[in-house]
Amino acid sequence: MNYFQLFNLPATFELDLTELGSRYLQLQRRFHPDQHSAGSERDRLLAVQQTANINDAYYSLKQPLLRAEHLLALRGLKISHEQRSFTDPVFLMQQMELREQLAEISQSADPDAIINSIERELQQQKNQLLQQLANALETKSAEQDQLAADLIRKLKFFFKLQSELELIEQQLQD
Amino acid sequence: MALLQIAEPGQSAAPHQHKLAAGIDLGTTNSLVATVRSGEAKTLLNKEGMDMLPSIVRYTSDSVIVGNAAKLAAVDDAENTILSVKRLMGKGYSETLALNDKVPYQLVDQQGLVAINTVQGVKNPVEISAEILATLANTASETLGGELNGVVITVPAYFDDSQRQATKDAAKLAGLNVLRLLNEPTAAALAYGLDSGQEGVIAVYDLGGGTFDISILRLRRGVFEVLSTGGNSALGGDDFDHAIVNHLQQLTGHSSLSHQAMRQYLTLARDIKEQLTDSDSLSFILPGSDKSATLTRSEVEQLMAPLVKKTIRACRQVLRDASLTTADIVKVVMVGGSTRVPLVRSEVAEFFATEPLTSIDPDKVVAIGAAIQANVLVGNKADTDTLLLDVIPLSLGLETMGGLTEKIIPRNTVIPVARAQEFTTFKDGQTAMALHVVQGERELVDDCRSLARFELRGIPPMSAGGAHIRVTFQVDADGLLSVTAQEKSTGVQANIQVKPSYGLSDDQVATMLKNSMQYARQDMQLRLLREQQVEAERVLEAVSQALKADAALLGPTELAAIRAALANLATVKQSEDTAAIKAAIEHTNTLTDDFAARRMDQSIRTALTGHNVDEV
């Protein structure tokens, strides 16, 4: 299913999220099961399925990584369920260092300061990669699509690190 | 146009006929029913002139008593008088062992589920709740002068799948048509938001007798969007009472209490809690003795503080889940009787750095919201702008190797939602597969709540890894899960056998229906017939409307076939042959499946085409 088509939006990575949101609500108003509660059983079931599709499409387009994956899938490059190891020694080394920093937070005298500095670093790296990803996807060549796929794989590491950092922060707060 | 004659006068509802609908707040301590009349939602009074019905059911040898009359016997006939049954909804016997010395009645194991031994035999929470629902529905029909077309029943947002299913089963047993299960905080927001016209992000803090919910919602232009929800379905004002009782027991040195003494102590604890809302200290006589004692508000607050802290931790978590901070919250709405406790108010005010709103009666706001939504869903308010977007409160996952969970649908995902997962066979010729679905956030299966075990059968035999089974998990607007499976290469629909871990199977519900005093055998059959007739009316109405709008999507042969099916259905509907009506409905559905799909596609296109025109 082409999620961009569902919302009648151009298939691009740089998406107008406000516009996406308002189209989402428009479709919800039409298809949400609450609008069909007086309908027949079959119609109510259809409404549930249709709304589930709309929700899924919205969820996928709203988030940059999923949106990029969907774009690549539409171009015939599927990476969402791939099982493949990653071999970029420089990148992996950098990830290991960041991971070690995370592990040391709880023992440090001023954990908040470290959390803030790691957060800044993650944010910066992520933004850089996202910019590169946008450029790669814009070009629409097979070669650039492969590059985009690689960038997505790298970004996944950063998103994962970020959620781990948030978890550590929560544990400290509680 | 032959089609327009299908709805015979007096048979099908005229478009402007007002339908009877009610909102029901099925609470741990008290329950209420409300309805919209002359555009205003109000709670309804029962014969005793009260709108709050204590959620208490007493079984005597030859009758069932619900509400205040049952409450009066809570001490004298403690074994047969069931309070706070909501806490037992959807629970397994093994999960409620800790309650055994807290409740005066005898909990028993009913095929793994918890039930209660009464003078009328074993009664399960679904049956007990059905009595409360039936009493409320009765109040509504008597006030409104007719049978209810449908109800909206509220549940704590944090209720899991088994607890929701149990609530729905109870409604079925009470003979009610459930339009929707609505989350309590969402209902409160609906009542509050429509009342005040508030826009922005609000927090709904809902502390009832037995459950705690905290939800963050965004309100804008009629859209009520739940951003995150959290809580504890086993924490409430009851726990404050138990904490006070524990303290009193320490004062007296009575380590164990008889059932009657426990009820007396609980009543005293509730009194202390309520009195200390207004005064700073209270002297009282300890039950079963002539000793007197004094408690100050600060002493009692110390007893409650750990429980209130728990709720504040949950508040912090939902804010994180919504990626917001307290600064983003424009208003905090208080719901539930336990929010009257001053300590609760002050802690909530401090955490959110804003004085919480209590302008709508915290005991009634949920029922009022439910009534508003029931009125919309039953079809009394066409062209309403209100849209409720709710989320699933707890993640759904599958058991994988080593007792770990793999999340399929994370918590706070907007519902309805469907997610598919693919599985493959690992043995040659394998034709069956087992799945274990759990709900919760923890990594280990044992720490999550087991929802159901599914067995897929009838997988076509292939070599190992050859069969790809696509399993789809679907959660509907009520937050209820259903599962379907299909083998991808052959398209074979695998047969799924569901074993709910803490729920009743469809057969059990049917048996309970048959056995229930309210439905003699004849009634039962009449009811099934009526159900099919109502569904037939809905199908006739829906297809006729669809033809009126979109007959152009059909070829002449298709159109003729559908018209013939409708004419047939209209005739068969008049008969008393339940099976024949059902068959005619199914025939019509099969014939119109394609038509429905085409209309859906067209509808999506026009919805957004209209949008573009507006913009230009």
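Q: How many of the residues of α9(B) are buried?

A: This is a predicted model. Buried here means under 20% relative accessible area. In α9(B), 13 of its 13 residues meet that cut-off, and the helix is mostly covered.

Q: What span should the 13 residues of helix α9 of chain B have?

A: Count the rise at 1.5 Å a residue. Helix α9 covers residues 365–377 of chain B and should span 18 Å. Its end C-alpha atoms are 19 Å apart, which agrees.

Q: Which residue with a positive phi follows α9(B)?

A: Look just past the helix. Gly379(B) follows α9(B), and its phi is near 100 degrees.

Q: What span does helix α6 of chain B reach from its first C-alpha to its last?

A: Apply the 1.5 Å rule again. Helix α6 holds 17 residues, 259–275, and reaches 24 Å. That is close to the 24 Å expected.

Q: Which residues of α6(B) are buried?

A: Start with the general idea. An α-helix has 3.6 residues a turn, so residues three or four places apart point the same way. Now the case. The buried residues of α6(B) are Ala261(B), Met262(B), Arg263(B), Tyr265(B), Leu266(B), Leu268(B), Ala269(B), Ile272(B) and Lys273(B). Note that Arg263(B) and Lys273(B) are in that list.

Q: What covers the buried residues of α6(B)?

A: Both strands and helices of chain B do. The cover includes strands β7 (81–82), β16 (281–285) and β17 (292–296). It also includes helices α5 (237–252) and α7 (297–321).

Q: Where does Ala203(B) lie, and is Ala203(B) buried or exposed?

A: Place the residue, then check its area. Ala203(B) lies in strand β13, residues 200–207 of chain B. Its relative accessible area is 0%, so Ala203(B) is buried.

Q: Which residues is Ala203(B) in contact with, leaving aside its neighbours within four places in sequence?

A: Ala203(B) touches Ile214(B), Ser215(B) and Ile216(B). Further contacts are Ile329(B), Lys331(B), Val332(B), Val333(B) and Phe352(B).

Q: How many helices and strands are in chain A?

A: Chain A has seven helices and zero strands. Along the sequence the pattern reads α-α-α-α-α-α-α.

Q: What radius of gyration does chain A have?

A: Compare with a compact globule. For 174 residues that would be near 16 Å, but chain A has 20 Å. The C-alpha trace spans about 65 × 45 × 30 Å along its principal axes. Buried residues make up 43% of chain A.

Q: What share of contacts in chain A between residues at least 6 apart join residues at least 24 apart?

A: The share is 68%.

Q: How far apart are the mean positions of the positive and negative charges of chain A?

A: Average each set, then take the distance. Chain A has 18 positive and 25 negative charges, with mean positions 10 Å apart.

Technical notes. Residues are numbered from 1 along each chain as its sequence is written. Chains are lettered from A and ligands numbered from 1 in the order in which they are written. This is a predicted model: local features need pLDDT of at least 70, side-chain atom pairs count only at pLDDT 80 or more; totals for chains, interfaces and linings use all residues. Side-chain values use heavy atoms; hydrogens and water are left out. Helices (H or I, at least four residues) and strands (E, at least two) are DSSP runs, numbered from the N terminus. The expected span of a helix is 1.5 Å times one less than its number of residues. Buried means under 20% relative accessible area, exposed over 50%, partly exposed in between (1.4 Å probe, protein chains only). Contact means heavy atoms within 4.5 Å. The radius of gyration is taken over C-alpha atoms; the globule rule is 2.2 Å times the number of residues to the power 0.38. Lys and Arg count as positive and Asp and Glu as negative; His and the chain ends are not counted. The place of a charge is taken as NZ of Lys, CZ of Arg, CG of Asp or CD of Glu.
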